[in-house]
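Let's take a walk through this protein together, one part at a time. Keep the structure open beside you as you read.

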Amino acid sequence: MAKAKAPRRTLESYTVKSINKTIKPGDCVLMRPSDPSKSSYVAKIEGIESDARGVNVKVRVRWYYRPEESIGGRRQFHGSKEVFLSDHYDLQSADTIEGKCMVHSFKSYTKLDAVGNDDFFCRFEYNSSTGAFNPDRVAVYCKCEMPYNPDDLMVQCEGCSDWFHPTCINMTVEEAKRLDHFFCENCSTEGQKKLQNSHTTARHSDTKVFPFTEVIFK
Ligand SMILES: [Zn+2]
Ligand SMILES: [Zn+2]
């Protein structure tokens, strides 16, 4: 005869004693990987449950994948703190939670004054069985036509408003930081005539798009 499944209790929140932090659904957390040489897993808490006695606490999580864990692997334009919201759910022991973290939108991440250890950003959802990304198109910049990697400094052309990597325009990062004005090759003759304010901060616009999946899986 089948054993009756022990009733589970849903918890509103739970304090992880080892880190003395209270977690609740919606929080993002770092979880200890089974292989200690790997980086901590990043997950979003979907629910918390315990057994009838209130012990054996488990969290229902939705995993964030790091670029190197995705089918396409890590690409040059992936930020060091980039994660993808996957469609992969799990039930994990709450004891494997190592800390809380923040997964920012791409926009708010680029506006952070300082990026801490616990700051991540997410601009794509990821289908863990097909390797597909949503959105499957993303803006690209510079002569190299790459999506924006927020770890890299870019300079904006005052003529066409495109953004450029210093190395792609034969400049060092130091030189780029010292620039008062910048015009790309295409705009340089026109541009010198009408000098305006320069921008050396990393920002992005939504001018050009390309099929992201095509680039990843070609
Ligand atoms: Zn470039
Ligand atoms: Zn230009």
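We can begin at a spot on a loop: Ser161 sits in the loop between β14 (155-156) and β15 (163-164). Its backbone has a positive phi of about 70°, although Ser161 is not a glycine. Is Ser161 buried or exposed? It counts as partly exposed, because 13 C-beta neighbours lie inside 10 Å, and a residue needs 20 or more to be called buried.

Before going further, please bear in mind that this is a predicted model. The mean pLDDT of the protein chain is 86, and 84% of its residues reach 70 or more. The stretch to treat with care is residues 196-218, where pLDDT stays under 50. The model has 42 contacts beyond four places in sequence for those residues. Where pLDDT is low, the predicted coordinates should not be read in detail.

Now for the overall picture. The protein chain has four helices and 16 strands. Of its 218 residues, 25% count as buried. Take the contacts between residues at least 6 apart in sequence: 55% of them join residues at least 24 apart.

A good place to enter the fold is β4 (28-31). In a regular strand the side chains alternate between the two faces of the sheet. What covers the two faces of β4? Both are covered, with Cys28 and Leu30 buried on one side and Val29 and Met31 buried on the other. This strand also has partners to find. β4 runs antiparallel to β5 (41-51), and four bridges join the two; here Met31 stands opposite Tyr41. β4 also pairs with β8 (97-105) in the antiparallel sense, again over four bridges. In that pairing, Leu30 has Gly99 of β8 as its bridge partner.

From β5 you can step across to β6. These two strands run antiparallel and are joined by seven bridges, and Gly47 is bridged to Arg60 in β6. The hairpin of β5 and β6 has six residues between the strands, and Gly54 in this hairpin takes a positive phi near 85°. On we go to the next strand: β6 (58-65) and β7 (84-93) pair in the antiparallel sense over seven bridges. There, Val61 has Asp90 in β7 as its bridge partner. How many of the eight residues of β6 are buried? Six of them are, so β6 is largely enclosed by the rest of the structure.

With these strands in view, look at what they contribute to the interior. The largest nonpolar core has 28 residues, and Val29, Val42, Ala43 and Tyr64 touch the most other members. β4, β5, β6, β8 and β9 (119-122) each supply at least two residues of this core. Tyr64 is a helpful residue to click on: leaving out residues up to four places away in sequence, its contacts include Val42, Ala43, Phe84, Leu85, Val103 and Cys122. Apart from this core lies another, of 11 residues, among them Phe77, Tyr141, Trp163 and Cys184.

Several loop residues also deserve a stop. Asp118 lies in the loop between α1 (106-110) and β9. It is partly exposed, because 15 other C-beta atoms lie within 10 Å. Asp118 touches Gly99, Lys100, Cys101 and Met102, not counting residues up to four places away in sequence. Asp118 and Val103 are 15 residues apart in sequence, and their C-alpha atoms are 8.3 Å apart in space.

Gly72 is found in the loop between β6 and β7. With 18 C-beta neighbours inside 10 Å, Gly72 counts as partly exposed. Gly72 and Ala132 are 60 residues apart in sequence, yet 9.2 Å apart in space from C-alpha to C-alpha.

Further along the chain, Pro135 lies in the loop between β11 (133-134) and β12 (137-141). Which form does the peptide bond from Asn134 to Pro135 take? That bond is cis, with omega near 0°. Then comes Cys142, in the loop between β12 and β13 (146-147). Cys142 has a positive phi of about 70° and is not a glycine. It counts as buried, because 21 C-beta neighbours lie inside 10 Å.

Key: Residues are numbered from 1 along each chain as its sequence is written. Chains are lettered from A and ligands numbered from 1 in the order in which they are written. This is a predicted model: local features need pLDDT of at least 70, side-chain atom pairs count only at pLDDT 80 or more; totals for chains, interfaces and linings use all residues. A residue is buried if 20 or more other C-beta atoms lie within 10 Å of its own, exposed if 12 or fewer, and partly exposed in between; C-beta atoms are placed from the backbone. A nonpolar core is a set of buried Ala, Val, Leu, Ile, Met, Phe, Trp, Tyr and Cys residues joined through C-beta atoms within 7 Å. Two residues are in contact if their C-beta atoms, placed from the backbone, lie within 7 Å. Two strands pair if DSSP finds at least two bridges between them. pLDDT is the predictor's confidence in each residue, from 0 to 100.
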